[in-house]
Amino acid sequence: MIDLSHQTPFASGYNRHCYQHPNAPDRCLKVIRPENIEARYQRQTPLKKLLGKSRINDNKQEQLAHQQSAIVSLIRQGQESHVWQHLPRFYGETETSLGAANESELLLEEHGNPAPTLESHLQKYGFDAPIQAAVQRLCKWLEKTGILTRNLLPHNLVIAQRNNQPELFLVDGLGAPGAQNMLAAIPVWRRRYIERRIRRFYKRIAWELGDRQQAWEEFQRL
């Protein structure tokens, strides 16, 4: 068991804390925040509660997302390297003093700190040419591999240097909801699903660069 009792998370979301592995600095441990999972569960309708808590457990959903057909197919074909072009390597579940954690590659910048997010880059430097090119490569990768994601959000993408150029890696938001995941067996539907995610991604970048006076929920419907 990995002891995290003296560790401070380097990043936190509503549902998970992210820790640097104490024995392997190039790995990340994502630990569920059970109090928030319980709060989300209690807000569910009685019908949705019948589906259980695993559907709102981000670690369980992330594990399922790595088992999606596009990823499994690429690995079986000996093309595993294509999977990790824009995803941190995933090592599965491991036990910690704070509960089960998802263990994955921790993307670092040159000084050994966690790599910056696309959100922070946009705030500091705008949508500059190198990042525009990185976004284009990410989108082409999605179209080529058929890997499914949820909405692409700048705070869920980090920038790491690869071959002397910045590349985007999706650290959260892999996979699609159950019904959409099943429909992805239809090639035309899969292509359209990915195209919608890409269009919404560019729209989100435009919103991030704006004044944000309009809520994203309203902006994305324009």
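In the predicted model, Glu 208 and Arg 212 form a salt bridge whose closest N and O atoms are 2.3 Å apart. The two partners differ in their surroundings: Glu 208 has a relative accessibility of 8% and therefore counts as buried, since the limit for that class is under 20%, whereas Arg 212 is partly exposed, with a relative accessible area of 33%. Arg 212 is placed in the loop between helix H9 (187–209) and helix H10 (216–219). The backbone of Arg 212 also has a positive phi of about 60 degrees, although the residue is not a glycine.

In general, side chains of opposite charge can pair when their charged atoms come close. The model contains 10 salt bridges in total. One of them links Arg 16 to Glu 62, with the closest N and O atoms 3.2 Å apart. Arg 16 belongs to strand E2 and Glu 62 to helix H3, so this pair ties together parts of the chain that are 46 residues apart in sequence. Arg 16 and Glu 62 are both buried. A further salt bridge joins Lys 60 and Glu 93, whose closest N and O atoms are 3.4 Å apart. Here Lys 60 is in helix H3 and Glu 93 in strand E4, so the pair ties together parts 33 residues apart in sequence. Lys 60 is partly exposed at a relative accessible area of 35%, and Glu 93 is likewise partly exposed at 43%. Salt bridges with shared partners also join Arg 16, Lys 30, Glu 62 and Asp 172 into one network.

The pockets of the model were examined next. The largest pocket has a volume of about 1,500 Å³. Its lining comprises 50 residues, and those closest to the centre are Arg 16, Asp 58, Asn 156, Asp 172 and Gly 173. Arg 16 and Asp 172, both named here, are also members of the salt-bridge network described above. Several elements each supply at least two residues of this lining, namely strands E1 (11–12), E2 (16–20), E3 (27–32) and E5 (99–105), together with helices H3 (58–65), H8 and H9. Helix H3 makes the largest contribution, with five residues. By class, the lining of the largest pocket is made up of 24 nonpolar, 16 polar and 10 charged residues.

The second largest pocket encloses about 330 Å³ of space. It is lined by 13 residues, of which Glu 109, Pro 116, His 121, Ile 159 and Gln 161 lie nearest its centre. Helix H6 (118–125) and strand E6 (157–162) are the elements that give two or more residues to this lining. The most come from H6, which gives four residues. The lining of the second largest pocket divides into seven nonpolar, three polar and three charged residues.

On the surface, Leu 183, Ile 186 and Val 188 form a nonpolar patch with about 230 Å² of accessible area together. Ile 186 is found in the loop between helix H8 (178–183) and helix H9 (187–209). This residue is partly exposed, with a relative accessible area of 45%.

Individual residues elsewhere in the chain complete the description. Strand E5 contains Glu 103, which counts as buried at 9% relative accessibility. The C-alpha atoms of Glu 103 and His 21 are separated by 8.5 Å, although these residues are 82 residues apart along the chain. Leu 87 lies in the loop between helix H5 (80–83) and strand E4 (90–96). At 2% relative accessibility, Leu 87 counts as buried. Leu 87 and Arg 76 are 11 residues apart along the chain, and their C-alpha atoms are separated by 17 Å. Asn 163 occupies the loop between E6 and strand E7 (165–170). Asn 163 is exposed, with a relative accessible area of 75%. Its phi is positive, at about 55 degrees, even though Asn 163 is not a glycine.

Terms used. Residues are numbered from 1 along each chain as its sequence is written. This is a predicted model: local features need pLDDT of at least 70, side-chain atom pairs count only at pLDDT 80 or more; totals for chains, interfaces and linings use all residues. Side-chain values use heavy atoms; hydrogens and water are left out. Patches are made of residues with over 30% relative accessible area and no salt bridge: like charges are joined within 9 Å, nonpolar side chains (Val, Leu, Ile, Met, Phe, Trp, Tyr) within 5 Å. Accessible areas come from the Shrake-Rupley method with a 1.4 Å probe; for residues, only the protein chains shown count as cover. A salt bridge is a side-chain nitrogen of Lys or Arg within 4 Å of a carboxyl oxygen of Asp or Glu. Buried means under 20% relative accessible area, exposed over 50%, partly exposed in between (1.4 Å probe, protein chains only). On a 1 Å grid over the protein atoms alone, a cavity is a set of points where a 1.4 Å probe fits but cannot get out, and a pocket is an open set with protein on both sides within 12 Å along at least five of seven lines; lining residues have an atom within 4 Å of a point. Grid points are joined across faces, edges and corners, and a volume is the space filled by probe spheres set on the points. Ala, Val, Leu, Ile, Met, Phe, Trp, Tyr, Cys and Pro count as nonpolar, Asp, Glu, Lys and Arg as charged, and the others, Gly among them, as polar.
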